[in-house]
Amino acid sequence: MRRLFSQLTVNQKLALAAFLLGLVAIWASPYRGGLVTLDAKEMTLAAARGADRVGVRDVADWIIQGRADFRLIDLRGDREFAEYHIDGAEQIAMAALPDAGLSPQEKIVLCSEDGVQAAQAWVLLWAKRFRGVYILDGGLARWKAQVLFPVLAANPTGEQAIENERLRAVSAYFHGMPQAGGAGPAVASLALPKIEVPAAPPAGQKKPAKKKEGC
Amino acid sequence: MTTKTSAAAWEPVPVKAEPAERELAAPYMNPYLAGVGLGLVLLAAFVVMGRGLGASGAFNRLVVFVLGGLAPEHAKASPFFASYLDGPPLKDWLVFEVLGVLAGAFISGLLARRVMVTVEKGPHASVGLRLAMAFAGGLLMAIGAALARGCTSGQALSGGALLNLGSWAFMLSVFAGAYALAYFVRREWR
Amino acid sequence: MIAPLFRYGLFGDETSLIVAFLIGIGFGFFLERAGFGSARKLVAQFYLTDLAVFKVMFTAIVTAMLGATYLAWMGLLDLSLVNLVPTYVVPQIAGGLVLGFGFVIGGYCPGTSMAAVATGRIDGVFFGLGLLAGSFVFGEVIRLPAVASFFTSTELGETTIPTYVNLPYGLVVFAVVLMALGGFWAAGLLERKAAACATR
């Protein structure tokens, strides 16, 4: 057998190697992002630390500052997204998340209606070894309550007045409506700002420029 | 005689020595070994970068770089050029890769004593014809590569290794197109 | 999963440019080793006298394909993070045909033209200038709505052959290997025939 093998030329050896490797490859199941595994200890420690959350006011500030180093992913469906979404948010429905082509390098903020689906998506992405993913704490419900329709302090003191001004400015930026202090209409019943322009973000500014990887 | 020929079909064909200019040059590497080398470089790109090789993109970027300097508004108005304007056009993976290609080819040529200033052409074509055809060929090729989103290195090699559907369709078309036209340009080469 | 290294943030954009240069060196080196800095050698493929283009290309494809498949099978490489150019059926077939025409007229492809320039071929330089001209022409022509809509027609997204024909990935890999080996055998026969004809 060995003599036979040594009698083969370089090319014939290459051909044989290719054939055998190809043959064995029939049973290959190459990893393409399907099944994920998760280290229980590592994940629960990270969840317990609670560091992977970001507040609605922080995100509002980032958007106003024009920060382009993160992607805001909205996990809700088409109807909810069309009705209202945060400026610069990209819609990737929960079910489409595994195939969405997200990259572990990116900084991602996940938002959903109340944050529950965002947390579920966070676990999935954690299992795929993404470490730059954050949950929008409280989801869009909290965004509406604290950014769009913040309750301004009635009879404000000096410091409170400054805070009121800040809340008013942030709310105005997102076309919201600040609420006066005291009993006001429930947040849920307030009219959401209309989205005039379809989801395309302003050129270059908001979205991190997805590097064109052509050839 | 026939059985000997078919069994040895994978063996290198003895190449007739070309005229004087090739006397100093070393023979080319076994194409299968060169292919394995190339394949390993491609695999390295997959493993290290998560992308394949390429070349046509770098030329597009050079054009966009020049246009961006001379007539930026005009450049941005074309969706094709605008797509390369996400940041400085020349600060790109492909551009640096192509610079590397120049360097690597030069090194190999130097080692094999194959570097010489010359015009590659067939025996019956004039230098002028050859250079004009080279330009025309490049022009067509750039258009084809832009349409296909890649050239032989990016689409055919890289996409081929990843079993990309479009890449294989592209690859077959390239061979089909080249074989179809070969007869009509034979004057240039034979 | 540890690869692709860049996707897992092992190094940044600046370092990736150095990686690009190094990988390019390897690319250019083997292109020239195979003789692809010479237009005559490249074009001989299309006159069926020297089938090195086919041999090198498909050996490279098979090598990288097997390597990627095995690494992904071993759970070392996440193939879903390797960039796949989206499929646009008709534009890519049309582009391929035009590219084929350009190949046999010009004698090079963009990568090999660089290998040619690096080894002193003046026709490689002219080819490169043609590439720049063609790129410019395309950028201008794409402003026409008809061209732009053709450019984005028949989109299938990021599709692989196994997904499209609904066969296991490994089976398609084996099929490609068989096809390549068969092709190499046929190429050898064709070359022998051409050499025999030439000496007659």
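The paragraphs below walk through a predicted model, taking chain B, its contact with chain C, and then chain A in turn.

Chain B is a convenient place to begin, since its secondary structure is quickly stated: it has 10 helices and 0 strands, and along the sequence these elements follow one another as α-α-α-α-α-α-α-α-α-α. Of the 190 residues in chain B, 57% are buried. Among the contacts in this chain whose separation is 6 or more, 56% are accounted for by residues that stand 24 or more positions apart.

One pair of helices in chain B can be followed in detail. Helix 3 of chain B, which covers residues 56-70, and helix 6 of chain B, which covers residues 93-111, have axes that come within 8 Å and cross at roughly 110°. Because angles of 65 to 115 degrees count as roughly perpendicular, this crossing makes helix 3 of chain B roughly perpendicular to helix 6 of chain B. The crossing in which helix 3 of chain B passes helix 6 of chain B is left-handed. On the side of helix 3 of chain B, the residues that meet the partner are Gly57(B), Ala58(B) and Arg61(B), while helix 6 of chain B brings Leu94(B), Val95(B) and Val98(B). Sorted by class, the contact between these two helices of chain B has 4 nonpolar, 1 polar and 1 charged residues.

From here the view can widen to the contact between chains. The contact of chain B with chain C takes 114 residues from chain B and 116 residues from chain C. On the side of chain C that touches chain B, the residues divide into 75 nonpolar, 30 polar and 11 charged.

Chain A also meets chain C, and one pair of helices shows how. The axes of helix 2 of chain A (residues 10-25) and helix 3 of chain C (residues 52-73) come within 11 Å and cross at roughly 40°, and these two helices are therefore oblique to each other. Their crossing is left-handed. Helix 2 of chain A makes the contact through Ala18(A), Leu21(A), Gly22(A) and Ala25(A), and helix 3 of chain C through Val62(C), Leu66(C) and Thr69(C). By class, the residues of this contact divide into 5 nonpolar, 2 polar and no charged.

Chain A itself is divided by the domain assignment into domain 1, spanning 2-140, and domain 2, spanning 149-179. The C-alpha centres of domain 1 of chain A and domain 2 of chain A lie 37 Å apart.

Notes. Residues numbered from 1 in each chain as written. Chains lettered and ligands numbered in written order. Predicted model: local features only at pLDDT ≥ 70, side-chain atom pairs only at ≥ 80, totals over all residues. Axes fitted to C-alpha atoms, helices over the stretch in contact; angles between N-to-C directions. Helix = DSSP H or I, 4+ residues; strand = E, 2+ residues; numbered from the N terminus. Parallel < 35°, antiparallel > 145°, perpendicular 65-115°, else oblique. Left-handed = near helix turned anticlockwise from the far one by under 90°. Contact = placed C-beta atoms within 7 Å. Nonpolar A, V, L, I, M, F, W, Y, C, P; charged D, E, K, R; others polar. Domains from an automatic or database assignment. Buried ≥ 20, exposed ≤ 12 C-beta atoms within 10 Å, placed from the backbone.
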